[in-house]
Amino acid sequence: MAFPVCTAVAGQQRRGGPPQAHESPAPAPVQYESPDKSIVALVFPVSKPGYESYESRVELRSKSGRVFAQHDYSSADGEHGYGVAKAAWTPDSNFFVYSLESSGGHQPWHSPVNYYSRAQNRFRSLDDALHDAVANPQFSISTPDRVAVELWFSKTTRTVSLSALVPRE
C-alpha cells in the first residue's frame with residue numbers, strides 16, 4: 001500500500017533550504033505497514049548528502065497520511081545521530097520496533113532499540129526499560145508483542161512483552 005509523502009514533510013528532510021537544480025532528490029522513505037493495515041511507519045533517510053541512510057527520522061501516519069508521531073535521529077554534523085538498522089511491527093499491530101546504529105561509528109557495540117506504543121502514542125526506549133544496552137541490531141519479534149534482544153552488560157538474550165513494559169498513565 002502506498003502512502004503519499006506530502007511535499008512539506010519531504011522538504012523538511014534537508015537542512016539549508018530547498019533543493020537546487022543540480023542536486024538529486026532525497027531518497028524515498030522505507031514504509032512499514034502495520035499488520036492491521038491502519039497505520040504506516042515511515043523511515044526517512046535524513047543525513048547529509050551521500051550519507052542519507054546514516055541518520056533517520058521515524059514517522060507514524062494514519063491511512064489518510066496524517067502524521068501523528070515522529071522522532072528525528074539526525075545530528076547537525078551528520079556524525080552524532082542514529083540511523084534505523086532494522087524495523088518491524090509486532091503481530092498485534094500495537095508496537096513499531098526499530099533498532100538504531102550510530103551515524104559516526106561511536107559505540108559500535110551498542111544498538112539501541114526503541115519502540116512506538118500505539119496505545120500511548122509515544123516512543124520508548126527498550127534499553128531504558130530493561131536497564132541494559134542492546135548489543136545487536138537484529139532483534140526478533142513473536143506473537144503477540146514479544147521482542148527478543150541480546151543485551152550487552154548482562155550478556156544475555158532477553159524476550160519481553162512490550163505491553164508489560166508500557167507504564168500505566
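A salt bridge here is a side-chain nitrogen of Lys or Arg within 4 Å of a carboxyl oxygen of Asp or Glu. Keep that cut-off in mind for the close-ups below, which come from a predicted model.

**View 1. K37 pairs up with E33.** This is one bridge in a structure that holds four of them. The closest N and O atoms of K37 and E33 sit 3.6 Å apart, so the pair makes the 4 Å cut-off. Both partners have some access to the outside: K37 is partly exposed, at 45% relative accessible area, and E33 is partly exposed too, at 26%.

**View 2. R118 reaches D36.** Here the N-to-O distance is 2.9 Å. What do you find at each end of this bridge? R118 is partly exposed, with 24% relative accessible area, and D36 is partly exposed, with 40%.

**View 3. R61 and E59 meet out of sight.** Their side chains form a salt bridge at 2.8 Å, N to O. Are these two residues buried or exposed? R61 has a relative accessible area of just 1%, which makes it buried, and E59 also comes in at 1% and counts as buried. There's a third player as well: R57 joins E59 and R61 in a network of salt bridges.

**View 4. The largest nonpolar core.** Zoom in on this one and you're looking at a set of 15 residues. Which of them have the most contacts inside the core? They are V58, L60, V84, F96, Y98 and F123. As for where the core comes from, β2, β3 (56–62), β5 (82–89) and β6 (95–102) each chip in at least two residues.

**View 5. L60 and the residues it touches.** Leaving out residues up to four places away in sequence, L60 has quite a list of contacts. From one stretch come I39, V40 and A41, and from another R66, V67, F68 and A69. W89, Y116 and F123 complete the list. F123 also turns up with L60 among the residues with the most contacts inside the largest core.

**View 6. A second core, set apart.** Away from the largest nonpolar core lies another one, made of 14 residues. Among them are V147, V160, L162 and V166.

Conventions. Residues are numbered from 1 along each chain as its sequence is written. This is a predicted model: local features need pLDDT of at least 70, side-chain atom pairs count only at pLDDT 80 or more; totals for chains, interfaces and linings use all residues. Side-chain values use heavy atoms; hydrogens and water are left out. Buried means under 20% relative accessible area, exposed over 50%, partly exposed in between (1.4 Å probe, protein chains only). A nonpolar core is a set of buried Ala, Val, Leu, Ile, Met, Phe, Trp, Tyr and Cys residues joined through side-chain atoms within 4.5 Å. Helices (H or I, at least four residues) and strands (E, at least two) are DSSP runs, numbered from the N terminus. Contact means heavy atoms within 4.5 Å.
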